[in-house]
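Me: I should like to learn how to read the features of a protein model, one at a time. Please give the general idea for each feature and then the case at hand.

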Amino acid sequence: MNKVWVSLLGGAMLLGVVAPGASAAENAVPDPTQFTPTFQTVNWKSPSTVTGDNLVWSFLNRQQKTLLSLDNTNNSSHVREQFRIVDRTSDKFGTQHYRLKQYVDGIPVFGAEQTIHVNKSGQITSYLGAVISEEQQADAKENTTPKISATEAVYTAYEDAATRVQSLSSSVQIVSEPYEDTRSVSKDTYEKAPNNELSISTDKDSLDLDKESELKNSKLEVVEPASSIPKIANLEPSMDPKAELYIYPDGDSTRLVYVTEVNILQPTLLRTRYFIDANDGKIVYRYDILNEVIGTGRGVFGDTKTFETTASGKKYQLKDTTRGKGILTYNVHNTETLPGTLYTDSDNVWEDPAAVDAHAYAIRTYDYYKDRFGRDSIDGHGMAIASAVHYGAKNYNNAHWGGTHMLYGDGDGTLFAPFSSDLEIVAHELTHGVTEHSSGLVYFAESGALSEAISDIIGNDIERTNWDFGKVAYTPNIKGDAIRSLSDPVKYGQVDHYSNLYPDPNNEDYGGAHINSGIINKAYYLLAQGGTFHGVKVDGIGRDAAVYIYYNAFTNYLTSTSNFSTARAAVIQAARDSYGDNSIAVTSAIKSFDAVGVK
């Protein structure tokens, strides 16, 4: 168990006396993963020549009662009033993937997300999603105008964060300064948001997936410049806070909430998502979402690397402009101040090993995603990848995806080498960014474990030396050990079967995110490598097919509150859509989840 708990201890040290995990701060409400989506195999084909987006709308119109639990089955506009297409992608097998959200009076419902998949023959093969009931919709319609502003919600979140970190520094004091209410949101504002109102047509040219105007997420975000947030203690946002209005299911009823995030670097690293009641301003729920490791120039271990840089005047910058919108590497000089200083050099021979590794491995990870999956950077649209090395105090034992930057500590030399020295860790953390920009898995409980698992899977796959993860940076003076093992999760303190699911009653591990991810890691290993586990024999299909199926399922099929059961359904369906109903990929995917007890 020591490997896992070392990592958890690192998380506890990160927040001092503030325990990581989640809590219902003011009111007892279900946690954000409550809205578990359901999976349906569909095999539906339009009887006409309807294509593109119109195929999706036609399908949903005919499934209002069976899939969406809507009663207005004779109202063809009912679906378009409630659902919006927020993303469209296609894969190398010709399957088109649609991601939708449910809205009530123009306000999105938290967790009410759907994915729909259309094969190259124009047949809808599956649906995964969750919707609120007609009764909950009626309840939500009674409360669509917030009584507090977005600014007030952001202020409440930062004030709570200040209280949580107060004991970490004697300089932190709660200061409730007066503020000017600079922004309010009315129902009328939301009614003006675009809502994908498109008529169903049999015209072959009716809609095209490449139309940028229809690719936009139709949700309305309220952005508060960091400078407009009143100073609360010494907490300063590291990025402009956003407060988005959501309808939050609460049993048979709903709440109107703002969802916002506290993202600070000083006096301690903290990234917490808050749900603020939009009527009384109380904190409905909060959970921490720091995705952390649990665990030419020379790199940390003396190997020579070559990589793209940029000439700027008489100097060179550690900046690659040939990939997406750029790969940039910064030095934060053992502080917590971002973005830091962009590395420059006079002769293009780089002397900082941690920077060399961070830059080269960010490039390797970008190339891996582009070459293997056709994905252009973290968000799929060329997002710049920024790395900050020498983050935090010297001997800082952690690395994080912080939402905008990769942050690498130097390690203490005993438990960890500099974190940027490990390609698996770099790929793991950047994959948290991929997850954030695709399924958006809530970093808590089973959905959090899914997030950890796909990061481990990608981190391990990028080199394929064996089935261990994090073996380079972890205990650099001890050979042969690692942070986690995909083939034998129990070896490093994880669980490998659903019957042993760790409940994590005190939320010390984000609801069991790191410990329970071993179950999914083991299922993946069995799919790729094969073997007999708990009496179930699985025929391996190889790493190439297995990692593609998992990547496809996790980025295109899952939604934010997916659990292990829906992940099983998504992986099996992704195998079916890619390799065929009767393929060994489907059979082995089914057996791999049977073997680890996930039904």
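**Reading the model, feature by feature**

Me: What follows helix 10, and what is the sign of its phi?

Reply: Helix 10 is followed by Gly 530, which has a positive phi, near 85°. Please bear in mind throughout that this is a predicted model.

Me: How many helices and strands does the protein chain have, and what share of its residues is buried?

Reply: The protein chain has 13 helices and 27 strands. Of its 599 residues, 60% are buried. The area that the chain exposes is about 22,500 Å², with carbon and sulfur atoms supplying 47% of it.

Me: What span should helix 10 have, and what is the distance between its end C-alpha atoms?

Reply: The general idea is to compare an expected span with the span in the model. Helix 10 covers residues 513-529, and at 1.5 Å a residue these 17 residues should span 24 Å; the end C-alpha atoms are 24 Å apart, so the two values agree. The helix nevertheless carries a bend of about 25° at Ile 519.

Me: Is helix 10 mostly covered or mostly uncovered?

Reply: An α-helix has 3.6 residues a turn, so residues three or four places apart point the same way. In helix 10, 16 of the 17 residues are buried, and the helix is thus mostly covered.

Me: Which aromatic partners does Tyr 524 of helix 10 have?

Reply: For a ring pair, one reads the distance between centres and the angle between planes. By this rule the structure has 23 aromatic pairs. In one of them, Trp 467 and Tyr 524 have ring centres 6.3 Å apart and planes at 65°; planes over 60 degrees apart count as edge-to-face, so this pair is edge-to-face. Trp 467 lies in the loop between helix 9 and strand 24, whereas Tyr 524 lies in helix 10, so the contact ties together parts that are 57 residues apart in sequence. Trp 467 is buried at a relative accessible area of 12%, and Tyr 524 is buried at 0%.

Tyr 524 also pairs with Tyr 550: the ring centres are 5.2 Å apart and the planes stand at 80°, so this pair is edge-to-face as well. Tyr 550 belongs to helix 11 (residues 543-557), and the two tyrosines are 26 residues apart. Both Tyr 524 and Tyr 550 are buried.

Me: Which residues form an aromatic cluster?

Reply: One aromatic cluster consists of Phe 93, Tyr 368, Tyr 369, Phe 373, Tyr 548, Tyr 551 and Tyr 579.

Me: How many salt bridges does a search of the whole structure find, and which parts does the pair of Glu 261 and Arg 273 tie together?

Reply: The search finds 25 salt bridges. Here the reading begins with the closest N and O atoms, which for Glu 261 and Arg 273 are 3.6 Å apart. Glu 261 is in strand 9 (residues 253-264) and Arg 273 in strand 10 (residues 270-277), so the bridge ties together parts 12 residues apart in sequence. Glu 261 is buried, at a relative accessible area of 18%.

A second case is Glu 452 with Arg 484, whose side chains meet at 3.4 Å, N to O. Glu 452 lies in helix 9 (residues 445-461) and Arg 484 in strand 25 (residues 484-485), so this pair ties together parts 32 residues apart in sequence. Both Glu 452 and Arg 484 are buried. Salt bridges that share partners also join Glu 261, Arg 271, Arg 273 and Glu 436 into one network.

Me: Are Asp 303 and Lys 305 buried or exposed?

Reply: These residues form a salt bridge, with the closest N and O atoms 2.5 Å apart. Asp 303 counts as partly exposed at 32% relative accessibility, whereas Lys 305 is buried at 8%.

Me: Which backbone angles deserve a second look?

Reply: Most residues other than glycine have a negative phi, and most peptide bonds are trans. In this model, the peptide bond from Leu 338 to Pro 339 is cis, with omega near 5°. Pro 339 lies in the loop between strand 18 and strand 19. Thr 475 has a positive phi, near 35°; this residue is in the loop between strand 24 and strand 25, and is buried at 7% relative accessibility. His 534, also not a glycine, has a positive phi of about 50°.

Methods
Residues are numbered from 1 along each chain as its sequence is written. This is a predicted model: local features need pLDDT of at least 70, side-chain atom pairs count only at pLDDT 80 or more; totals for chains, interfaces and linings use all residues. Side-chain values use heavy atoms; hydrogens and water are left out. Helices (H or I, at least four residues) and strands (E, at least two) are DSSP runs, numbered from the N terminus. The expected span of a helix is 1.5 Å times one less than its number of residues. The bend at a residue is the angle between axes fitted to the seven residues ending there and the seven starting there. Buried means under 20% relative accessible area, exposed over 50%, partly exposed in between (1.4 Å probe, protein chains only). Accessible areas come from the Shrake-Rupley method with a 1.4 Å probe; for residues, only the protein chains shown count as cover. A salt bridge is a side-chain nitrogen of Lys or Arg within 4 Å of a carboxyl oxygen of Asp or Glu. Rings of Phe, Tyr and Trp (its six-membered ring) pair if their centres lie within 6.5 Å; planes under 30 degrees apart count as stacked, over 60 as edge-to-face and the rest as tilted.
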